[in-house]
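This report describes the fold of one protein chain. It deals with its overall make-up, its nonpolar core and two of its helices.

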Amino acid sequence: MSKSKSPKFFFIAVALSVFIAELLIMLGFTLLPSMPGLLEAVVDATGLSLLISPALYYFTYKPLRTENQQREFVEQELRRSAQQLQTQAEQLQEYNQKLEQKVADRTQELSLKNRELESLLQQLHATQVQIIQNEKMTSLGQLVAGIAHEINNPVSFIHGNIKHLDRYVRDLLEVVQAYQLFYPEPPAVLQANLDDIDLAFVEQDCSKILRSMQTGTERIQQIVLSLRNFSRLDEAEFKTVDLHQGIDSTLLILQHRLLEMPNLTAIQVVKDYGELPLIACYPGQINQVFMSLISNSIDALENSERQRNKNRQPPLSPTIWISTKVNANQCVEVVIKDNGTGIPEALRSRIFDPFFTTKPIGKGTGLGLSISYQIVTEKHQGKLWCDSTPGQGSKFVIEIPIRL
């Protein structure tokens, strides 16, 4: 692109052109013969125009036209460059938008994967803890079953021999009574022995002792049977059972926590059993649910008692109500209710979540209710829910279909 000429250059060029034109015309008039003044002026103007026009064209119009063409070319190039830049900017913006969308999609995908991974880890942790809990329950069941078996053998031996001993004692007493009838006046030495042992008292008390021994062995056999019913090691498979036996067995296992202790009143258990058919279920798992719910009720009652003692409030009669019935849905309904501290509404929706607990560290794992909920709802297609009023107590309701 040529460099533009300055106005000073154009002025000098035109002036020089006019000077040269005038000089040539004057030279022509000098060489030519004289002519009229008008013609001389016309010729002078015409010659001057003819001589100046090329100079004006070359020195003025042509540079300006070239400069305009160059300016138009530059403007076209600038517009083309601007259009290219705009196109590139639009492409860059579109690419950025696509990149941002890909980043957002990838971030969302990673977030979803992280949530899935956290859920899997939580499930794995819950499964591990549940396996440990099941192992503990299995170990407890084995221990209980072993103790029950070891106790049952000697107790059965004692209980079976008490009947024979009772008959032998009656026979001996009859013999003594017969001797007294035929020998009303025994020798002095024998009479002294009879007076020392107080035969009349022995006759009366011996039968009482034998009856109490028989009652005691029967009670031990009932305890052993309850322990075996609770462990259910021989009934791990799905079968029909009497739920009342499971509840009673659980209460027997927890009997030591129901008794009066220092600063704690004895807990009363009120049972209202309805007529229930045999229920098809996993007996050991259902007993685990009873154990968890009744234990929680005892914990709530103990906590309520401690709070009342701390606040110097009059004690209440801690009570657990257990009722059973067949409801309108043809399901067995077991209600376990207490008059303990109750559960705040803000926490009620979380009580069945894994690892959620309001107990101090070391007092609870937060899995008892979660496992119970899983046993009732998943294993037995039933329902488990809670109604609670803070300060008045809690009620847990178990609903299990009679037949799955």
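The text below goes from the whole chain to the core, and then to single helices and residues.

The model is predicted: local features need pLDDT of at least 70, side-chain atom pairs count only at pLDDT 80 or more, and totals for chains, interfaces and linings use all residues. Residues are numbered from 1 along each chain as its sequence is written, and side-chain values use heavy atoms, with hydrogens and water left out.

Nine helices and seven strands are found in the chain; helices (H or I, at least four residues) and strands (E, at least two) are DSSP runs, numbered from the N terminus. Of the 404 residues, 28% are buried, that is, under 20% relative accessible area with a 1.4 Å probe, protein chains only. About 27100 Å² of the chain is exposed, and carbon and sulfur atoms supply 58% of this area (Shrake-Rupley method, 1.4 Å probe). Contacts (heavy atoms within 4.5 Å) between residues at least 6 apart in sequence join residues at least 24 apart in 71% of cases.

The largest nonpolar core holds 36 residues; such a core is a set of buried Ala, Val, Leu, Ile, Met, Phe, Trp, Tyr and Cys residues joined through side-chain atoms within 4.5 Å. Among the elements that each supply at least two of its residues are helices H5 (243-253) and H9 (368-379) and strands S4 (319-326) and S5 (331-338). Helix H7 gives the largest share, eight residues. Leu243 is one of the residues with the most contacts inside this core. Beyond its neighbours within four places in sequence, Leu243 touches Ile279, Cys281, Ile286, Phe290, Val332 and Val334.

The table compares two helices with their expected span, 1.5 Å times one less than the number of residues.

| Helix | Residues | Expected span | End C-alpha distance |
|---|---|---|---|
| H7 | 28 residues | 40 Å | 40 Å |
| H9 | 12 residues | 16 Å | 15 Å |

Proline 283 lies in H7 and is buried, at 2% relative accessible area. Its C-alpha is 9.0 Å from that of aspartate 242, 41 residues away in sequence. Just after H7, arginine 312 has a positive phi of about 55°. In H9, the buried residues include Leu369, Ile371, Ile375 and Val376. Glutamine 381, which follows H9, also has a positive phi, near 50°.

The charged end of lysine 337 sits over the ring of tryptophan 321, 5.7 Å from its centre; the cut-offs are NZ of Lys or CZ of Arg within 6 Å of the ring centre and within 35 degrees of the ring normal.

How values were computed: Buried < 20%, exposed > 50% of the residue type's maximum accessible area, 1.4 Å probe, protein only.
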